[in-house]
Amino acid sequence: MAGYVKTFLLCVCCMICLSTPKALATRVFGTAKEYAGSEIIFYHYQERITYMKEEVFRLKVDENGNFEANFGIDRITYIFAEFGVYYVYFYAEPDGNYELILPEYDERTEGDLLNPYFEPTEMQLGIKNMKNTDLNYLIMDFDYYYNRYYDLRLEELYAKGLKTDVDTFINNINEKYKKYDNPYFQQYRRYRIAALKNMATKQEYESALVYSYYSNKEILYDNPAYMDLFNSIYHNYFDNYLVSAGGADLYRVITYGHSISLLHRLIGSNPKHKKKQFRELVILKGLNDAFANDNLQWLPLLLTLDSLYITTEYPIHQQIAQNIADNSLTMAKGTVALPFELPDSMGNMMSLADFRGKYLYLQ
């Protein structure tokens, strides 16, 4: 077992080198005197199945409150940071130039740090001198109207569905933003509206929605609206499949077959999943969620995931498979805990290694 796990984890070293678009330099800068002397780390999500994050750049604020950083990206990238009471984000474009406006400095209180239910305040970062055609402005403006309607009408939408004014709202907001020719924004708008329609119809037409928005469309791995709706539709897909008419077939394929070709054949029997690339994304989502539940055994899931990793034609799917394996192996019983350091009650930094061979309780 240990040898198998080691082999799987080393597979990433054997990935085929493929040509990728050239990364272009993007610059962020600004002034925030309240943050003088601090450092903020900005990340992006490697993909939106596991949401494993990766550092993009560090924003070092000098003693006068000035900051500047340069980083390379090859596509529009959702970039975020967590500091103080905030979770902030913005959309960076290759060769972009952004004067960021950091929120008013607000550190977490001791109560926040001790509160297991603490949720940071989420906000899109302000950018000076934005035009109303800029991607960040369009998404910020759209989200304002969309979220305001959603928050005000949520209970009514759940209770009455299409008997509300949701169709009128959709028509109005589509009319308001259809004139903008930014492809990323228009896809973002399209999938946010699709999610609203799906909720208003109580998922009654979800199969038709998948046909219209996913089955034969380009996969938008980096678009939050596309992936949010996808993850919602396919949440616990394998676990729900197990209690359906074909559940026994899925159980046999994973538990005894470990064969990605048989799994492709089974999932592909649904006309919604005829396109191989999309079908494989559905499989990855199903495997990822199944690891968190107890309906399928851990080792057969890992063997099936390994089979997909080896055979996939899509580098992004290799990345997702590796991340799923890393997450699952990290949390599995009997594996070695990741090293960490935390202060004790006297403020002394203690590491996990300091307690080797002893029971360790974290509070």
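**Entry 1: helix H3**

A helix here is a DSSP run of H or I at least four residues long, and helices are numbered from the N terminus. With that in hand I opened the structure, which is a predicted model, and went to H3.

I found that H3 covers residues 135-160 and bends by about 65 degrees at Arg153. Just after H3 I came to Gly161, which has a positive phi, near 60 degrees.

Which residues of H3 are buried? I noted Leu135, Asn136, Leu138, Ile139, Phe142, Asp143, Tyr146, Tyr149 and Leu157. I then looked up what these buried residues pack against, and wrote down strands S6 (86-92), S7 (97-101), S8 (121-124) and S9 (126-127), along with helices H4 (166-177) and H5 (183-200).

**Entry 2: H3 beside H5**

I took a closer look at one pair of helices. The axes of H3 and H5 are 11 Å apart and make an angle of about 5 degrees. Angles under 35 degrees count as roughly parallel, so H3 is roughly parallel to H5.

For the contact itself, I listed some residues from each side: H3 brings, among them, Leu138, Phe142, Tyr146 and Leu157, and H5 brings residues including Tyr188, Ile193, Leu196 and Met199.

**Entry 3: the cores**

Next I looked for nonpolar cores. The largest has 75 residues, and those with the most contacts inside it are Leu196, Tyr214, Phe230, Phe238, Phe278 and Leu305. H5 gives this core its largest share, 9 residues.

I followed Leu196 further. Leaving aside residues up to four places away in sequence, Leu196 touches Tyr146, Tyr149, Tyr150, Leu157, Val166, Phe169 and Ile170. Apart from the largest core I found another, of 26 residues, and Ala32, Ile79, Ala92 and Leu102 are among them.

**Entry 4: an open sheet**

In what order do the 4 strands of the open sheet run? I read S4-S1-S7-S9, with mixed pairing. S4 (66-73) and S9 are the edge strands; each has a single partner, so one side of each has no neighbour in the sheet.

I also checked the pairing of S1 (residues 24-31) with S7: the sense is parallel, over 3 bridges. Val28 is the residue opposite Tyr98 in S7.

**Entry 5: two positive phi values**

Most residues other than glycine have a negative phi, so I made a note of two exceptions.

Tyr51, which is not a glycine, has a positive phi of about 60 degrees. I located Tyr51 in the loop between strand S2 (39-45) and strand S3 (53-60). Its relative accessible area is 31%, so Tyr51 is partly exposed.

His258, also not a glycine, has a positive phi of about 55 degrees. The loop holding His258 runs between helix H9 (247-257) and helix H10 (260-268). At a relative accessible area of 27%, His258 is partly exposed.

**Entry 6: Asn231 and Thr168**

Is Asn231 buried or exposed? I found Asn231 in helix H7 (residues 224-233). Buried means under 20% relative accessible area, and Asn231 has 9%, so Asn231 is buried. Not counting residues up to four places away in sequence, Asn231 touches Arg48, Ile49, Lys285 and Tyr51, the residue I met in the previous entry.

Last, I looked up Thr168 in helix H4. Thr168 is partly exposed, at 44% relative accessibility. From C-alpha to C-alpha, Thr168 and Tyr234 are 28 Å apart in space, and 66 residues separate them in sequence.

Methods: Residues numbered from 1 in each chain as written. Predicted model: local features only at pLDDT ≥ 70, side-chain atom pairs only at ≥ 80, totals over all residues. Heavy atoms only, no water. Bend = angle between axes of the 7 residues up to and from the residue. Helix = DSSP H or I, 4+ residues; strand = E, 2+ residues; numbered from the N terminus. Buried < 20%, exposed > 50% of the residue type's maximum accessible area, 1.4 Å probe, protein only. Contact = heavy atoms within 4.5 Å. Pairing = 2+ DSSP bridges. Core = buried A, V, L, I, M, F, W, Y, C linked by side-chain atoms within 4.5 Å. Axes fitted to C-alpha atoms, helices over the stretch in contact; angles between N-to-C directions. Parallel < 35°, antiparallel > 145°, perpendicular 65-115°, else oblique.
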